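Could you walk me through this structure, stop by stop? I have the viewer open and would like to know what to select next and what I will find there.

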Amino acid sequence: MFVFVCAGCGARLTTQLSEVALPVHAHQKYGNGTQLPVLMESGTFAVDPEPWGPPWRPWSEIDPDEAAARGIYAPLHALSDSAPGAIVIAPGDVRGTLLILERSGGYCCGLDGADGPNMACEACGLPVASRIDDCSLWQAVWLAPNAVRRCPVDGADAVPLSWEELMTEGSSKSSTPPFEPLARWGERMGPNHWWSWSPQWEAAAGQALAHLLAASDGRPVTVPDGLTGEVLQRALDALLPAGPPARRAVLAGPECPAVGADADIVLVPMHPQTGKTWTPADPADPAASAHPVPLPFGVWLWLAFPEPYPPVLASGVIPGDVLRDDPPMPRPRHAFRADPEVFRHTLARLPAVRSPWLRKILQNLTQHMRAGVF
């Protein structure tokens, strides 16, 4: 457990926090005018290992060797020149700060951090963080890595859960439903909301799709039928050539059935606290030699162990032991589409993108978006 303090005067800026993995959707921009919830669970923080935020440099000013040294192997719109290691927390976990009003510009419906840190230490005035709450962005506070210090809390160690503990203790609250109600910024749920594919799922699919293409070797890839196929197969069929023998991708992970020897690719969970990808304990397990494709734990959990819509105990005038058969939650009206910017961000950081056919997919991403692939 840690608290973060001002690097200038040592004033405390946060509550006690435990570290978790950076969410795949941390920098996602979703829709137009959409109201997104808080990014981080209260009491947690995550660190972005890459620079993010202003100042930005256009790709035309970036030397390819410099980009490769930063782990980027394909052109992007721009690269951030800010300090790496920004810390993201829930807005409710901030203490002892004030908004810098003259740095609150560049927004649509709220604050977006485009002018740099917009929160200052209340004690000394040092700019220490950026509050983000604009429409279509996940609500968060990003602590500037060069303006804060991490201090351990004595006697408050938080040990990451094992995979077994995650499956028994954390699975019920960690599973991420594939669709959810959304609303316009500033509007309440109710008549103003609509049912949509989860933004988290679209971000997760963008990341997974990039890894699947890199693992495909330019051959078709098949994924399991059902929700996994609904989320990934249409894009795979559109982006990969038909004809050669397909590579087979299957779900693998804790408590999953054994992976067959014919599986070329495995869709595996990332640990929500450490960010590490699951690997089988037995090196002879066929899953150990297959190409791993990471999925956020909550998304993987729903795909591997889909939650039915079980009857629940009724209340009121119906006897307490009578089960009520509730209808399933509404489904979105449109086909699933992976997040194109998460896809671009991920694929550009995979060395396989140096292959001409993968580079061409990135170059034609706008056309694929217009065609409804993304």
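Start where two helices cross: the crossing of α3 and α7 is right-handed. Before going further, keep in mind that this is a predicted model.

**Stop 1: α3 and α7**

Select both helices and look along their axes. The axes of α3 and α7 lie 7 Å apart, and the helices pack at an angle of about 40 degrees. The two helices are therefore oblique to each other, α3 against α7, since an angle counts as oblique when it falls outside the roughly parallel, perpendicular and antiparallel ranges.

Now show the side chains where they touch. From α3, bring up Ala203, Gly206, Gln207, Leu209, Ala210, His211 and Leu213; they meet Val342, Phe343, Thr346 and Leu347 of α7. Coloured by class, this contact of α3 with α7 shows 7 nonpolar, 4 polar and no charged residues.

Stay on α7 for a moment and turn on a surface for everything else. Helix α7 is largely enclosed by the rest of the structure, because 6 of its 8 residues are buried. To see which ones, select Pro340, Val342, Phe343, Arg344, Thr346 and Leu347, the buried residues in α7. Their packing partners are α3, α8 and α9 (365-370).

**Stop 2: Leu350, in the loop that follows**

Next, select Leu350, which sits in the loop between α7 (340-347) and α8. Is Leu350 buried or exposed? Its relative accessible area is 14%, so Leu350 is buried, the cut-off for that class being under 20%.

What does Leu350 touch, once its neighbours within four places in sequence are left aside? Its contacts are then Tyr73, Ala210, His211 and Ala214. Two of these names, Ala210 and His211, should still be on your screen from α3's contact with α7. If you like a distance check, draw a line from Leu350 to Gly253: the C-alpha atoms are 23 Å apart, and the residues are 97 apart in sequence.

**Stop 3: α3 and α8**

Carry on to the helix on the other side of that loop. Helix α3 (residues 199-216) packs with helix α8 (residues 356-363) at an angle of about 155 degrees, and their axes are 10 Å apart. The pair α3 and α8 is therefore roughly antiparallel, a label given to angles over 145 degrees. Their crossing, α3 with α8, is right-handed.

For the contact itself, select Leu213, Ala214 and Ser216 in α3, which meet Trp357, Leu358 and Ile361 in α8. The class count for α3 with α8 is 5 nonpolar, 1 polar and no charged residues.

**Stop 4: the open sheet**

Leave the helices now and switch to a cartoon view of the strands. An open sheet is formed by 7 strands in the order β2-β4-β7-β11-β10-β9-β8, with mixed pairing. Its edge strands, β2 and β8 (97-99), each pair on one side only.

Zoom in on strand β4 (residues 44-48), where 4 of the 5 residues are buried. On one side, strand β2 (residues 18-19) pairs with β4 in the parallel sense over 2 bridges. Strand β7 (residues 86-89) pairs with β4 in the antiparallel sense over 4 bridges. Phe45 is a handy residue to centre on: Glu19 stands opposite Phe45 of β4, and in β7 the bridge partner of Phe45 is Ile89.

Then move along the sheet to strands β9 (residues 119-121) and β10 (residues 127-132), which run antiparallel and are joined by 2 bridges. Here Ala120 stands opposite Pro127 in β10.

**Stop 5: three backbone details in loops**

Finish with a look at the backbone. Select Pro54 and Pro55, whose connecting peptide bond is cis, with omega near 0 degrees; Pro55 is in the loop between β4 and β5 (56-58).

Next comes Ser136, in the loop between β10 and β11 (140-143). Ser136 is not a glycine, yet its phi is positive, about 70 degrees. With a relative accessible area of 1%, Ser136 is buried.

The last selection is Glu255, in the loop between β16 (247-251) and β17 (265-270). Glu255 too has a positive phi, near 70 degrees, in a residue other than glycine. Glu255 is exposed, with a relative accessible area of 56%.

Terms used:
Residues are numbered from 1 along each chain as its sequence is written. This is a predicted model: local features need pLDDT of at least 70, side-chain atom pairs count only at pLDDT 80 or more; totals for chains, interfaces and linings use all residues. Side-chain values use heavy atoms; hydrogens and water are left out. Axes are lines fitted to C-alpha atoms, for helices over the stretch in contact, and angles run from 0 to 180 degrees between N-to-C directions. Angles under 35 degrees count as roughly parallel, over 145 as roughly antiparallel, 65 to 115 as roughly perpendicular and the rest as oblique. A crossing is left-handed if the near helix is turned anticlockwise from the far one by less than a right angle, and right-handed if clockwise. Contact means heavy atoms within 4.5 Å. Ala, Val, Leu, Ile, Met, Phe, Trp, Tyr, Cys and Pro count as nonpolar, Asp, Glu, Lys and Arg as charged, and the others, Gly among them, as polar. Buried means under 20% relative accessible area, exposed over 50%, partly exposed in between (1.4 Å probe, protein chains only). Two strands pair if DSSP finds at least two bridges between them.
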